[in-house]
Each structure stands twice: as structure tokens, then as C-alpha cells.
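I opened the file to look up a few things about packing and contacts. My notes follow in the order I made them.

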Amino acid sequence: MDDSQLLRYSRHILLPEIGIEGQQSFLDAHVLILGAGGLGSPAAMFLAASGVGTLTLCDDDQVDLTNLQRQLAHRTASIGVAKVESARQTLNAINPEVSINTVQERADEARLTTLAAEADIVLDCSDNFPTRYALNRVCAATNKPLVSGAATRFDGQVSVFDFRRPDSPCYNCLYPEDSEAEETRCAVMGVFAPLVGVVGALQAAEALKLVAGVGPSLAGRLLMLDGRGMEWSSLRTARNPACPVCGQAHGLPK
Ligand SMILES: [Zn+2]
């Protein structure tokens with residue numbers, strides 16, 4: 001790190017849990033963020049500000065007027081622009097040292113596998129179940145930790161599915177794909193703007209902790225926020241041995 005980097009990252013370097021070594025691990029890290037919307041904005045902005053060396057943003061959408069209430073990486077002047085491009089400009093303005101890869105497509109599972117294989121950590125900042133299940137399978141196949149976030153109405157949740165660990169459950173253990181989970185998308189249900197900031201920031205925090213090896217991650221815990229009464233709760237979650245994605249029959253480390 002040069003003098004300007006030592007200054008830029010000094011408030012991280014001062015933390016005994018991070019220090020020079022931890023900050024260097026951020027500079028060397030590559031994080032894949034799926035979704036450049038409400039969760040992806042604060043997640044990417046904190047990771048860029050923190051000096052994560054490479055960010056890959058994947059989103060096929062364009063900035064729309066209805067996004068601007070909560071998707072902080074986008075500006076009014078960016079309406080109609082690809083979200084990944086709009087976000088890239090914001091992130092470059094925050095920290096020009098970060099290398100930003102943009103993927104403006106609705107990536108299928110094969111494409112996601114390629115993107116995940118190149119990254120150290122994957123953030124699920126998407127807003128729909130098919131993508132969540134696909135990304136969970138992809139991270140199982142590539143053995144990458146998945147930091148999962150969701151926010152609808154006033155309800156947020158965050159967890160880490162760490163496929164490198166034999167005790168960590170996956171998204172499919174918590175929400176089996178064949179169950180009739182209710183899909184609550186922002187477009188239909190609405191979402192309280194600061195909630196996505198809270199959840200996206202937590203995803204960035206978990207990603208940085210995983211990179212620098214700080215503290216226990218949220219692997220095996222589902223953290224939930226009820227934003228009406230601002231009540232936090234968490235529940236312990238276990239790997240389902242019969243899970244079709246991460247169960248023992250599927251070749252993951254035991
Ligand atoms: Zn599982």
C-alpha cells in the first residue's frame with residue numbers, strides 16, 4: 001500500500017481485527033454481486049469504499065424512476081441507463097482504485113458458475129426466488145461462500161451459506177425449493193427505503209468479515225429484522241443431511 005492508500009484505509013487499519021493484513025486482504029479480494037438494486041447499491045458502495053480490489057456487478061435491468069426511492073447507487077440523471085453502468089460510475093467516484101466488471105445480462109446458471117468461480121465471495125442481492133435457488137446451487141458447485149440478503153415491506157433478513165464448512169446450511173436447507181414459498185417482490189408489495197440500506201450494509205459487513213477472517217460469520221444463523229418495531233431476532237439453522245443441494249449425498253466436504 002502507498003501513502004494515499006494507508007490514509008484512505010486508515011480507519012480500517014486502526015482496527016486490531018483488520019490492520020494492514022486485513023486491509024491487504026480486501027485489496028486482493030474479488031466479490032461477485034448479483035443485483036445492482038436496493039441491496040446491491042449499499043453492498044457495492046461499502047465494498048468499494050473499503051477497497052475491495054475487484055467487484056463484478058451482474059444485473060440486466062435499467063434504472064427506472066421507481067428505483068430511486070431506495071437504490072442509492074443510481075441518480076436521477078441515470079434513468080434509462082443500465083444499472084451496472086450507473087453503479088459503476090458511482091463506485092468509481094467513491095473509489096477509483098477499485099476495478100469494476102459489469103455484466104449486463106440475466107445470467108443463466110452456466111454463466112453464473114463462470115462468474116462465481118472467478119470470485120472469492122458471492123452476494124445475493126437479487127429479488128426473486130429462481131435467481132436465489134440458482135445462485136445457491138452455483139455457490140455449492142463452486143464452493144464459494146454466499147452472503148444472502150432479502151428485504152420486502154418492513155422485513156429484512158441476512159445469512160451466510162458457507163459451502164466450505166461442513167456444518168453450514170444452504171439457502172435450500174432453509175427454504176426447500178419444492179415448498180410453496182410466497183414470493184413478495186418490491187414491485188407488488190412495496191419496501192421501506194432504509195431497510196434495503198440496513199440489509200445491504202450487513203451483506204457488505206459479512207463479506208468483509210469473511211475476507212479478513214474477522215469473528216464468526218452468520219453461517220448457521222438467520223438474522224431477521226422487523227423494521228416496524230425495530231426488533232432484531234435470529235435463529236440457528238442446521239444443514240439438512242437430505243438437502244438436494246448440500247446434503248451428504250452430493251459430494252460436498254463432510
Ligand atoms: Zn442445503
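Which backbone oxygen does the side chain of Gln 23 reach? I found that of Ser 50, at 2.9 Å. I kept in mind that this is a predicted model.

**Entry: Gln 23.** I placed Gln 23 in helix H3, residues 19–27. Is Gln 23 buried or exposed? Its relative accessibility is 0%, so I noted Gln 23 as buried; the cut-off for that is under 20%. Next I listed its contacts, leaving aside neighbours within four places in sequence. Ser 50 turned up there, together with Gly 51. The others are Met 1, Tyr 9, His 12, Ile 13 and Ile 18.

**Entry: nonpolar cores.** How many residues are in the largest nonpolar core? I read off 41. Those with the most contacts inside this core are Val 31, Ile 33, Leu 47, Leu 55, Leu 57, Leu 91 and Leu 123. Helix H10, residues 193–212, gives the core its largest share, seven residues. Apart from this core I found another, of 28 residues. Val 122, Ala 140, Cys 243 and Val 245 are among them.

**Entry: Ile 33.** I picked Ile 33 from the largest core for a contact list. Again I left aside neighbours within four places in sequence. Ile 33 is in contact with Leu 47, Leu 55, Leu 57 and Leu 123. Its list also holds Gly 40, Ala 44, Thr 56, Cys 58 and Cys 125.

**Entry: aromatic rings.** I searched the whole structure for aromatic pairs and got five. Which residues form one aromatic cluster? I wrote down Phe 129, Tyr 133, Phe 161, Tyr 171 and Tyr 175.

Key: Residues numbered from 1 in each chain as written. Predicted model: local features only at pLDDT ≥ 70, side-chain atom pairs only at ≥ 80, totals over all residues. Heavy atoms only, no water. Core = buried A, V, L, I, M, F, W, Y, C linked by side-chain atoms within 4.5 Å. Buried < 20%, exposed > 50% of the residue type's maximum accessible area, 1.4 Å probe, protein only. Helix = DSSP H or I, 4+ residues; strand = E, 2+ residues; numbered from the N terminus. Contact = heavy atoms within 4.5 Å. Polar contact = N/O pair within 3.5 Å; in protein donor to acceptor, adjacent residues only side chain to side chain. Phe/Tyr/Trp six-rings, centres within 6.5 Å; stacked < 30°, edge-to-face > 60°.
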